[in-house]
Amino acid sequence: MVVQGGWHGLGNTRFKSSTNRAPRQTTPGKPGEQRDLKLEMKVLADVGLLGLPNAGKSTFIRSVSAAKPKVADYPFTTLVPNLGVVSVDRWKSFVIADIPGLIEGASDGAGLGIRFLKHLSRTRLLLHLVDMAPLDETSAADAAEVIVSELTKFSPALAERDRWLVLNKCDQILEEEHEERVKEIVDRLEWTGPVYVISAIAKEGTERLTRDIMRYLEDRADRLAADPVYKAELAELDQQIEDEARAQLQALDDQRALRRSGVKSVHDIGDDDWDEEDVDDEDGPEIIYVRD
């Protein structure tokens with residue numbers, strides 16, 4: 001129950017009798033409780049996509065499902081989460097969620113992706129997409145490291161969720177360079193989990209990836225049904241992710257409210273905000289407090 005309703009009034013039917021067939025008496029009702037609520041709608045998906053802007057997340061979800069998110073040759077084209085249903089076999093499918101790309105500093109409120117990371121709290125698997133051939137010729141390993149860092153800052157528990165490394169746009173580099181580029185990223189992240197090299201736009205390696213995801217989800221469901229300890233551990237992790245995400249987003253909302261009001265947070269006050277003259281003003285009047 002969210003709020004308690006008020007007591008209903010009595011209509012004229014309650015006062016009807018054999019001698020008073022059309023009563024005019026009524027009693028008013030009493031007001032109920034009132035409460036202001038902030039509701040959060042979360043996207044429910046089996047798999048969530050992580051990555052920097054222009055890493056190919058929207059292209060990937062278009063290539064494996066019937067979803068048609070906006071795709072362009074510039075970053076920040078995804079402004080809202082997108083869902084796609086991936087059909088592996090005739091009776092097998094799963095839902096995949098694409099959120100706006102994360103950027104460096106997202107855990108401190110930069111960009112849009114941080115507002116939608118909460119949608120990944122209920123996913124069963126995370127896919128970390130990395131652009132193997134960035135247009136600005138930056139290091140793909142650095143880009144992968146940024147996502148891991150921001151994810152950990154946002155929620156250490158969410159960083160513990162099962163995550164696969166998906167290296168996208170392999171068609172943009174020479175085939176003999178694949179192994180070297182993969183090794184660079186894996187070594188930088190000290191990665192020990194599954195690694196997939198794909199080209200979402202060419203649908204190269206995507207079928208194998210989706211089938212492995214389906215197999216993982218089925219094995220996970222079977223283990224949950226057979227192992228109560230594993231089920232309890234996942235439930236505890238889910239709750240921890242929920243609590244950390246809510247606390248982080250509330251902290252960001254509080255910081256924005258302070259900035260709008262012109263008040264600085266204690267953590268935002270630096271040494272330059274203190275005036276030495278205010279601390280020790282020998283020329284000013286001396287104020288003495290006397291207790292009555």
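Here are three short exercises on this predicted model, each with a worked solution.

Residues are numbered from 1 along each chain as its sequence is written. Local features need pLDDT of at least 70 and side-chain atom pairs count only at pLDDT 80 or more, while totals for chains, interfaces and linings use all residues, and side-chain values use heavy atoms, with hydrogens and water left out.

**Exercise 1. Aromatic rings**

Find the geometry of the ring pair Trp-164 and Tyr-216, and say which elements the pair ties together.

Solution.
- Start with the rule: rings of Phe, Tyr and Trp (its six-membered ring) pair if their centres lie within 6.5 Å; planes under 30 degrees apart are stacked, over 60 edge-to-face, and the rest tilted.
- The search of the whole structure gives two aromatic pairs. In the pair of Trp-164 and Tyr-216, the centres are 5.6 Å apart with 70° between the planes, which is edge-to-face.
- Now place the residues, with helices (H or I, at least four residues) and strands (E, at least two) taken as DSSP runs numbered from the N terminus. Trp-164 is in strand S5 (residues 163-168) and Tyr-216 in helix H6 (residues 206-226), so the pair ties together parts 52 residues apart in sequence.
- Check the accessibility: buried means under 20% relative accessible area, exposed over 50%, and partly exposed in between (1.4 Å probe, protein chains only). Trp-164 is buried at 8%, and Tyr-216 is buried at 17%.
- Finally, add Tyr-196, which forms one aromatic cluster with Trp-164 and Tyr-216.

**Exercise 2. Salt bridges**

Work out where the partners of the salt bridge between Arg-161 and Asp-238 lie.

Solution.
- Recall the cut-off: a side-chain nitrogen of Lys or Arg lies within 4 Å of a carboxyl oxygen of Asp or Glu. The structure holds twelve such bridges.
- Arg-161 and Asp-238 meet at 2.9 Å, N to O. This pair links distant parts of the chain, 77 residues apart: Arg-161 is in the loop between helix H4 (156-159) and S5, and Asp-238 is in helix H7 (residues 228-261).
- Arg-161 is buried at 4% relative accessible area, whereas Asp-238 is partly exposed at 30%.

**Exercise 3. A bridge within one helix**

Describe how Arg-246 and Glu-242 are placed in helix H7.

Solution.
- The two side chains meet in a salt bridge of 3.1 Å, N to O.
- Both residues lie in H7, four residues apart, about one turn of the helix.
- Arg-246 is partly exposed, at 42% relative accessible area, but Glu-242 counts as buried, at 14%.
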